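Please open the model in your viewer and keep the selection panel handy. We will go from stop to stop, with something to select at each one.

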Amino acid sequence: MKRQILFLSFILLSKFALAQDEVRINAVYNFDSYDRILDDLANKYNAPIKFGTQDFSNLSGSFIFKNNTVSECLSKLFANTAIGFKFYQDVDGYYNIVKNNVKIIDAAKYENRPIFVEPTRFNFTVQGKIIDAQSGESLPFASVSIPFSSNATTTNVDGYYTLQNIPSDTAIITVSYVGYVTQNARLSPETKLNSFIIELTNSAQNLDEVTITAERTEVIKANEVVGMIKMTPRNIAKLPNVGERDPFRAFQLMPGVSASNESSSGLYIRGGTPDQTLVLYDGFTVYHVDHLFGFFSAFNYNAIKDIQLYKGGFDARFGGRISGVAEITGKDGNSKQFNAGVDLSLLSTNAFIESPLGKKFTFLLAGRRSYQGPIYNKIFSQFTSDETEVVQQGPGGGGLRGNNIETQQKANSYFYDLNAKLTFKPTAKDNISLSFFNGTDNMDNSSSTDLSQLGGGRFANLGIAVNNITNDLSTWGNTGASLKWSRQWGAKFYSNSLVSYSNYFSQRDNSRTVNVTRNDTTTVRKIGNLEDNNLQDFTAKADMEWKFMPNNQLEFGGQISKNTINFTNTQNDTTTILNRYGEGMISSAYVQDRLKALNGRLQVIPGVRLNYFDATAKVYVEPRLSFNFNLSERVKLKGAGGIYHQFIKQINREDITQGNRNFWILADGNSLPVTRSEHIIIGGSYETPNYLFDVEFYQKKNTGVTEYSLRFVPQITPGQRGGGLNVEETFFNGDETIQGVDFLLQKKFGKFNGWLGYTLSQGYRNISTFSDQAYYSDQDVRHQFKAIGTYNYKNWDLAATWIYSTGRPYTSIIGAYSIELLDGTTKSYTNPSDKNANRFIDYQRLDLSATYNFSKGSVGFSVFNTYNRTNIWYKRFEIIDESGVSALQTTDVTYLGITPNITLSLKLR
């Protein structure tokens with residue numbers, strides 16, 4: 001039945017091609033080369049001619065074409081058989097020019113036109129590359145297969161592929177890639193088997209050597225590998241957004257990834273935290289993915305070519321994280337022509353340029369910067385209003401009569417990021433690239449107050465100047481770079497080597513500086529909190545692929561990472577709360593085999609990864625196994641399991657009154673154990689050409705889970721200096737169990753498409769210091785439901801997303817009391833509830849968008865949180881002393897309300 005459908009598709013395409021034969025050509029050529037004549041016919045007159053890599057440099061002649069058809073023109077060109085070439089028209093309407101010794105099968109004809117040439121080569125290997133037809137970008141992880149057979153493979157990160165055991169040199173190769181139109185490329189006896197390049201397009205047009213089978217593309221792919229989701233940036237534009245087209249926010253719309261954490265664009269995968277997801281950009285690790293208090297990610301979609309997200313059970317190539325992997329491949333830059341574009345919104349400006357530099361170099365440069373427009377100011381005030389409160393009092397105001405206090409407020413905040421990439425391709429087999437990334441946020445919400453007029457100007461009259469500076473300064477971000485050399489050594493072997501550097505930095509100054517000047521002498525007193533977190537990562541790694549048999553691909557490699565992490569937290573300029581420095585080297589090696597059996601119906605990937613961590617002087621063994629088994633063309637069973645370790649982790653610092661914070665730190669095997677996780681995933685899917693139903697059950701058992709808290713250590717004494725606290729008393733370790741199930745129902749194609757996602761999960765932690773019984777994990781969300789729909793109407797893309805989830809757990813303050821000390825002063829204390837014994841109200845949000853597309857760009861309109869739902873971020877608890885009695889005041893700190901936005905996107909091509 002499928003062969004009949006395909007044949008009917010060929011017939012329809014040929015009918016369309018016949019119409020092209022009605023083109024009439026009028027031209028005169030005097031002793032012109034055949035190369036020029038054929039190029040003119042194909043490009044100037046749009047004649048459907050294919051001549052592949054044929055060499056006509058020795059052929060020339062004089063011809064007059066007067067109102068001739070394409071067939072008549074070619075008949076004149078090749079009337080003399082002595083020149084060694086002939087032509088035929090295939091079933092798709094193309095005129096193929098081949099050598100005279102190529103035989104045509106006369107028996108198979110459609111309307112007296114031959115359908116296929118007679119094959120001359122059998123059971124051979126084809127290798128080549130899959131690229132974007134418009135930009136020349138290589139397309140990583142595309143699916144390449146022979147129809148109606150189990151012979152299939154995927155391209156590697158550089159777009160190279162190898163297909164073995166091709167039945168004949170007239171076979172069809174099918175290529176599919178998310179966001180692009182699935183296409184068929186037909187081989188011929190003239191095809192070069194060692195460099196067969198196939199171009200994909202996102203629009204319905206015929207390409208050289210390619211026949212398009214359908215005018216449809218998928219927004220996501222979610223059924224190729226267990227726990228994996230694929231997405232390309234071109235599809236992100238169809239989804240609602242506040243200020244930027246955000247790939248990580250798009251992933252949060254998938255089942256198993258939390259979408260209720262507006263304060264972080266990080267990936268909370270199946271009960272895990274963002275630090276437990278390995279984020280790779282062109283091979284280097286990105287440790288911080290947030291901009292603007294986490295409202296959207298630090299990744300510029302204009303610089304991204306491909307993203308793959310693994311929600312667990314990932315193979316032995318990846319290590320150092322226990323929840324998931326986000327593998328991002330950056331664009332190399334347009335290799336065919338110069339291109340540029342810009343996005344303008346109410347929040348930021350985003351621009352890029354890309355171009356070839358000669359024949360072997362390409363470059364890309366993309367940058368973003370925010371400005372303090374209405375949306376930025378709204379987000380800034382929403383997320384900082386609880387941090388600093390400036391009170392201005394005039395004469396007779398407040399509780400201090402006769403005071404004239406002048407306060408100068410300075411609020412300046414912005415973010416920016418920059419992506420740059422230079423690619424050099426010295427040969428068809430080599431690829432050398434230098435990639436750079438920097439994303440930084442700066443916030444300054446400081447103020448300065450002149451207190452000299454306190455007491456009716458008494459200080460000023462005594463010649464005393466008192467100035468109070470309230471600091472609220474924060475800088476955070478990530479810088480990274482990689483230098484990569486990859487080579488396709490032959491049909492069976494590929495290598496990819498790189499060196500990289502990554503630096504995460506975060507400085508926070510939430511303090512008050514009081515300057516008292518008298519008689520030219522200034523006394524400085526600093527009160528408040530200072531934090532500094534700095535992480536550096538130097539890495540060298542190599543990955544190899546050896547396809548030594550048609551059904552076996554051996555993958556192996558090694559990695560060495562040198563990490564240094566420093567975190568300091570001081571109070572009142574004298575008290576060191578925590579000063580932690582860690583340095584360690586992780587040496588890793590892995591091997592795995594992609595094995596196919598049962599005529600391709602079963603794919604198994606057994607593997608193992610070995611890690612040596614010098615800080616603990618131990619070897620950590622990580623066996624991995626995953627499988628896909630096709631019960632039928634529509635039904636698939638899948639599963640994965642493995643052991644994973646994390647040596648660098650982000651510790652949650654418990655702050656019940658003001659909301660939790662976190663910081664990066666290196667495990668030491670003692671007070672900070674290496675985190676270990678065991679994954680088990682079992683699932684299945686039912687897929688038709690237009691629909692997909694997918695389900696996965698998962699369980700994660702984690703040990704060495706760490707939290708940080710000061711509520712169980714003695715009270716800090718004012719003036720106490722560094723070393724007064726025992727660091728081991730502030731870190732508390734335990735274990736955690738997370739289990740759940742993800743459901744996905746997707747409509748893949750059509751003017752209306754989208755998906756429904758549902759996750760049922762539960763997570764429990766057991767840290768004896770907090771509770772003698774297991775308690776809910778911080779990210780335990782019992783139910784999450786997501787509905788995503790997009791509709792295309794002419795030039796309009798309409799989209800809506802709705803998210804619902806039950807509330808997250810939190811620890812509250814249930815009481816407060818005061819104690820009179822021996823010196824007569826009063827000290828207030830709080831009484832917390834059981835750990836995570838309460839839950840926030842349910843979270844829900846509706847986002848809408850409408851995008852109008854035109855030839856050089858688009859205009860997008862979006863509304864975030866359309867019905868202005870009040871969703872709680874965290875609760876702030878404050879003790880109010882009134883007449884010696886302590887009272888507890890609770891404030892809900894909420895997420896963003898209804899927020900509209902408009903974005904204009906322009907590009908040359």
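Here is a tour that starts with the whole chain and then visits individual strands, a helix, a surface patch and a few single residues.

**The whole chain**

Begin with everything shown, and keep in mind that this is a predicted model. In cartoon view, you are looking at 7 helices and 55 strands. Of the 909 residues of the protein, 54% count as buried. Now switch on the surface: about 38400 Å² is accessible, and carbon and sulfur atoms hold 54% of that area. If you draw a contact map, consider the contacts with a separation of 6 or more: residues 24 or more positions apart account for 66% of them.

**A helix close to the start of the numbering**

Select residues 34–44, which make up helix H2. Which of its residues are buried? They are Tyr34, Ile37, Leu38, Asp40, Leu41 and Ala42. As background, an α-helix has 3.6 residues a turn, so residues three or four places apart point the same way. Next, add the partners of this buried set: strands S1 (25–33), S2 (49–50), S3 (60–68) and S5 (95–99), together with helix H3 (70–77). Just after H2, click on asparagine 46, where phi is positive at about 55°.

**An open sheet of three strands**

Move on to residues 122–132, strand S8. This strand belongs to an open sheet of 3 strands in the order S11-S8-S14, with mixed pairing. Color S11 (160–168) and S14 (196–200) as the edge strands, since each pairs on one side only. From one strand to the next, the twist averages 40°. S8 and S14 run parallel to each other, paired over 5 bridges. To see one of the facing positions, select aspartate 132 and leucine 200 of S14, which stand opposite each other.

Stay in S8 and pick asparagine 123. Its phi is near 50°, a positive value in a residue other than glycine. Is asparagine 123 buried or exposed? Its relative accessible area is 55%, so it counts as exposed.

**A proline in a loop**

Now select proline 147, in the loop between strand S9 (143–145) and strand S10 (152–154). At 25% relative accessibility, this proline is partly exposed. Beyond residues up to four places away in sequence, proline 147 touches Ile172 and Thr174. Try the distance tool on proline 147 and isoleucine 172: their C-alpha atoms are 7.0 Å apart, while 25 residues separate them in sequence.

**A buried glutamate**

Jump to glutamate 531 in strand S32 (residues 521–549). What is its relative accessibility? The value is 15%, so glutamate 531 counts as buried. Leaving aside neighbours within four places in sequence, show its contacts as sticks: Ser506, Gln507, Arg508, Phe567, Thr568, Asn569 and Arg653.

**A strand enclosed by the structure**

Select residues 635–646, strand S37, in which 10 of the 12 residues are buried, so this strand is largely enclosed by the rest of the structure. Then bring in strand S36 (residues 618–630), which pairs with S37 in the antiparallel sense over 7 bridges. A hairpin of 4 residues connects S36 to S37. Within this pair, leucine 625 has glycine 641 as its bridge partner. Strand S40 (residues 675–687) also pairs with S37, antiparallel and over 12 bridges. There, look for lysine 638 opposite glycine 683 of S40.

**A nonpolar patch on the surface**

Return to the surface view and select Leu346, Phe752, Tyr791, Tyr793, Trp796, Leu798, Tyr852, Phe854, Phe861, Ile902 and Leu906, which form a nonpolar patch of about 930 Å². Strands S45 (783–793), S46 (796–805), S51 (843–854) and S55 (899–907) each give two or more residues to this patch. Leucine 346 sits in the loop between strand S23 (339–345) and strand S24 (348–357). Its relative accessibility is 32%, so leucine 346 counts as partly exposed.

**Last stop**

Finish at asparagine 868, in the loop between strand S52 (857–864) and strand S53 (872–882). This asparagine has a positive phi near 55°. With a relative accessible area of 43%, asparagine 868 is partly exposed.

Technical notes
Residues are numbered from 1 along each chain as its sequence is written. This is a predicted model: local features need pLDDT of at least 70, side-chain atom pairs count only at pLDDT 80 or more; totals for chains, interfaces and linings use all residues. Side-chain values use heavy atoms; hydrogens and water are left out. Two strands pair if DSSP finds at least two bridges between them. Axes are lines fitted to C-alpha atoms, for helices over the stretch in contact, and angles run from 0 to 180 degrees between N-to-C directions. Buried means under 20% relative accessible area, exposed over 50%, partly exposed in between (1.4 Å probe, protein chains only). Contact means heavy atoms within 4.5 Å. Accessible areas come from the Shrake-Rupley method with a 1.4 Å probe; for residues, only the protein chains shown count as cover. Patches are made of residues with over 30% relative accessible area and no salt bridge: like charges are joined within 9 Å, nonpolar side chains (Val, Leu, Ile, Met, Phe, Trp, Tyr) within 5 Å. A salt bridge is a side-chain nitrogen of Lys or Arg within 4 Å of a carboxyl oxygen of Asp or Glu.
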